[in-house]
Amino acid sequence: MSDNILYSVRNLTVEYKTRGGAVRAVDDVSLDIRRGEILGLVGESGCGKSTFGKALLRLHDGPASIPTGELWFDGRDLMKLPIQEMPKIRGAELGMVFQDPMTSLNPVQSILDHLTETIQAHEPKVSNAAARARAEELVERLGIRHERIKEYPHQLSGGMRQRVMISLALALRAKLVIADEPTTSLDVIVEAKFLDLLKELQQEFGLTILLITHNIGVVAEICDRVAVMYAAKMAEVGSAEVVFGNPKHPYTQGLLNSVPNINLDAKELYKMGGEPPSLLHPPSGCRFHPRCPFAMDICTQEEPAFQSVAGEQLAACWLYQKKGDHQPSMKKEVSRG
Amino acid sequence: MANLKEKLPVTPPEGTTWEVELKQVGFVRKLLMARRWYGADWWFVAVSGVFVLIFIIVALVPGLFAPYSPDALVGPRFLAPGAYADLSVLIVPANSSVNELKDLAVPENGDRPTMAVVQGESTAGDLNTQAQNIDEQLKDQAGGLRLRPVFDRYTSLADALQAVVNGTDRAAVVQQKEFANIASKYPSLREASSLTGAKVAGGFIMGTNDIGQDVFSRLLWGTRIALIIGFTSSLLSLFLGVPLGLLAGFIGGMFDRLLSLVMDSLYAFPGLILAIAITAVLGPSMLNIIIAIAVLYIPTYYRIVRGQTLTVKEEVYVEAARSIGARRTEILARYIFPNVIPSVAIIFSVNVADAILTGAGLSFLGLGLPPTIADWGIDLARGQRFIQSAWWMITFPGLAILLVVLSFTLMGEGLTEIFNPKLRDR
């Protein structure tokens, strides 16, 4: 099992210190990312998706901190590495693509500079010419003519910039690319092309991609597995087919029902009642209970365990478990290589 | 159908024609064509740029343009701009063979020539100086001739001239203008030559000051001092303020708070007063002025760079840089610094102008340079005492300061407008 898993997150908590107190944007979350898969991470805005993505690179700073958690990446716990070692891993093994391609490139550097800098930062011995050749090959592969490599970010379109961002992650053959809402600011046609490209790259380079998005359609289109987050907790994880075909967690069900469908007969779109809770004062028990149509007494009192409900489909819901009926937790189940 | 097509306005592919053109031309043409785009700002920058260039050239080689040395006493005192000096001329009998002062020289033991001068005129001084000069030269030559005139002082011009007519004196030294007025009354006399050099006869465009120095020459040499003070102190505060601002913005925390406190305290002082205090402690010298002014302007750079750094630090591309493994130093040098520096370049220009003004202010108060140096502030202070009698002494250095400050400021402001169009709407 350990060979199969590239990145194993265990009990990760990310805290933001605010004036109102510590806010846990990611609270005790465990997740496995398998080699070569595209894993979609979906959830409402503010549920901690992006924070989770950044924490995988230990990119948090300022008010954010990781009080507990293990980040097992390719056989080592990144949390145990000194933070000074992280730049060596970022870019080389873990890449990230940000939400807004308009602002995620340095306006005073050309595309070539971006790429050669990335390459030479990790492989100082590579000559300028060699780095350039690699950069040209790479952008050419991503569908940007190599003549344009000398251009600056403002001269490129949004889709091209996003491809440049991807190329930065690919420049050193990162094993895992965390794409944080990469298509949010792109129009649907560019988005579709970009998703096709992601899929192609995943197959061609054996890339593993964590796709953070709030767009269920995007997940359904390209993801192998789906993880659903709600209020800093993991609600449900499973293969895309199973989760979309047979969602277990009431939140996932509500989420899927909320997606507009052209074939929908209902006059009005399904709306989930209530609002996402404040993470400063999360509800007791299951965090979804104030909005849950199936809420029971126990839901308000105790937090459900995140465990298997059907094979590889995991969910945190009292509907599928009884008090004291906890399965062995994931933590013990997983052996690490 | 064809008719309708003709009526449709032809729209260029993107933007107006000149915008399209602007994208296709080279740097120089672009610079020239930009005036259509930037309008008044372009002209401000162009005109003030030319002025700045002129000032810089003059500051580099003032000797090429200045007719005299700034320290030389080249003319009479308080000569108004364009006015001609009263020349001292040698008056001799018409039949005399004497043409120059030198011709009056006699052998070592001969009778010393007696010469008539008018009491209370500068002519006696001129004669004395010139005669001594000639005597020195003659002493070195082998001829054994000496020129040591005996002065006969008369109360009026008429008396002096009469003495020459009578033969009491060999010659007279009088003011040219006054002699010209009454020359017709003395047909037996003629004007031989002027005692002082022909150059001085041309007058001075900006007049002379209280000790007979050329105001124009001092003005040109003063440009050098002004620009040295302006540039070096601005550069010094730039080299200190920019790194401090970068570090404070980037590191943040306690370091930032402490440094900002110090900088804000500096900023809170009225500028000139702080500079006065610093020079008063350090003593007047070029270096100390530069240090005082540099200290004054460090907070300007610090605050702007710190603010910009705080903004740029939060940009996604900085986070993206971290996500591809860039180190902190790399982020600072390659991501933050280049994005911060344009605003520094612009305030630099305005800052130079300000520094020149402060430097002149310090010199004006006597806290700047030693009074022997040709400096606008010193000339202003000097001219201020004679503002009623010799307006030119204070006016021209004042105008020079105005022009230099205006040029640098307009250039800086114009460049801001051009490079930072966001500011326009404000």
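Colleague: Which strands of chain A does helix 1 lie across, and at about what angle does it run to strand 2?
Modeller: Keep in mind that this is a predicted model. Helix 1 (residues 49-56) of chain A lies across strand 1, strand 2 and strand 4 (64-73) of chain A. Its angle to strand 2 of chain A is about 65°.

Colleague: Why is one side of strand 2 and of strand 5 of chain A left without a neighbour in the sheet?
Modeller: The sheet is open, with four antiparallel strands of chain A in the order 2-1-4-5. Strand 2 (21-34) and strand 5 (76-77) of chain A each have a single partner strand, so one side of each has no neighbour in the sheet; the places where they stand are the edges.

Colleague: How many bridges join strand 1 to strand 2 in chain A, and what is the bridge partner of Glu15(A)?
Modeller: Strand 1 (residues 5-18) and strand 2 of chain A run antiparallel, and the bridges joining them number ten. For Glu15(A), the partner in strand 2 of chain A is Arg24(A).

Colleague: Is Asp74(A) buried, exposed or partly exposed?
Modeller: Asp74(A) sits in the loop between strand 4 and strand 5 of chain A. Its phi is positive, about 50°, although Asp74(A) is not a glycine. A residue needs 20 or more other C-beta atoms within 10 Å to be buried and 12 or fewer to be exposed. Asp74(A) has 16, so the class is partly exposed.

Colleague: How much of strand 9 of chain A is buried?
Modeller: Arg225(A), Ala227(A) and Met229(A) point one way from the strand, while Val226(A), Val228(A) and Tyr230(A) point the other way, and all are buried. Strand 9 of chain A is therefore largely enclosed by the rest of the structure, and the buried count is six of the six residues.

Colleague: Which strands pair with strand 9 of chain A, parallel or antiparallel?
Modeller: Strand 3 (residues 38-42) of chain A runs parallel to strand 9 of chain A, with four bridges between them. One of the pairs there is Leu41(A) with Ala227(A). Strand 10 of chain A pairs with strand 9 in the antiparallel sense over six bridges, and Met229(A) stands opposite Met234(A). That gives strand 3, parallel, and strand 10, antiparallel.

Colleague: Which residue in the turn between strand 9 and strand 10 of chain A has a positive phi?
Modeller: The two strands form a hairpin with two residues between them. The residue in question has 24 other C-beta atoms within 10 Å, so it is buried. Its phi is about 45° although it is not a glycine: it is Ala231(A).

Colleague: Which residues of helix 9 in chain A are buried?
Modeller: The cover over the buried residues of this helix includes helix 7 (216-222), strand 9 (225-230), strand 10 (233-239) and helix 8 (240-245) of chain A. Within helix 9 (residues 250-257) of chain A, the buried ones are Pro250(A), Tyr251(A), Thr252(A) and Leu255(A).

Colleague: Where does pLDDT stay under 50 in chain A?
Modeller: Chain A averages a pLDDT of 86, and 93% of the residues score at least 70. Among its elements, helix 11 (residues 330-333) of chain A has the lowest mean, 44, and strand 9 of chain A the highest, 94. Where pLDDT is low, the predicted coordinates should not be read in detail. The stretch under 50 is residues 331-337 of chain A.

Colleague: Which element of chain B gives the most to the side that touches chain A?
Modeller: In the interface, 17 residues of chain B are in contact with 23 residues of chain A. Helix 13 (316-323) and helix 14 (328-364) of chain B each give two or more residues to that side of chain B. By class, that side has eight nonpolar, three polar and six charged residues. The element that gives the most, with seven residues, is helix 13 of chain B.

Colleague: Which element gives the most to the largest nonpolar core?
Modeller: That core has 171 residues, and Leu210(A), Leu211(A), Ile293(B) and Ile356(B) touch the most other members. With 17 residues in the core, the element is helix 14 of chain B.

Colleague: Is Gln132(B) buried or exposed?
Modeller: Gln132(B) is found in helix 6 (residues 123-140) of chain B. The count of C-beta neighbours inside 10 Å is 12, and 12 or fewer is the cut-off for being exposed. So Gln132(B) counts as exposed.

Technical notes:
Residues are numbered from 1 along each chain as its sequence is written. Chains are lettered from A and ligands numbered from 1 in the order in which they are written. This is a predicted model: local features need pLDDT of at least 70, side-chain atom pairs count only at pLDDT 80 or more; totals for chains, interfaces and linings use all residues. Two residues are in contact if their C-beta atoms, placed from the backbone, lie within 7 Å. Ala, Val, Leu, Ile, Met, Phe, Trp, Tyr, Cys and Pro count as nonpolar, Asp, Glu, Lys and Arg as charged, and the others, Gly among them, as polar. pLDDT is the predictor's confidence in each residue, from 0 to 100. Two strands pair if DSSP finds at least two bridges between them. Axes are lines fitted to C-alpha atoms, for helices over the stretch in contact, and angles run from 0 to 180 degrees between N-to-C directions. A nonpolar core is a set of buried Ala, Val, Leu, Ile, Met, Phe, Trp, Tyr and Cys residues joined through C-beta atoms within 7 Å.
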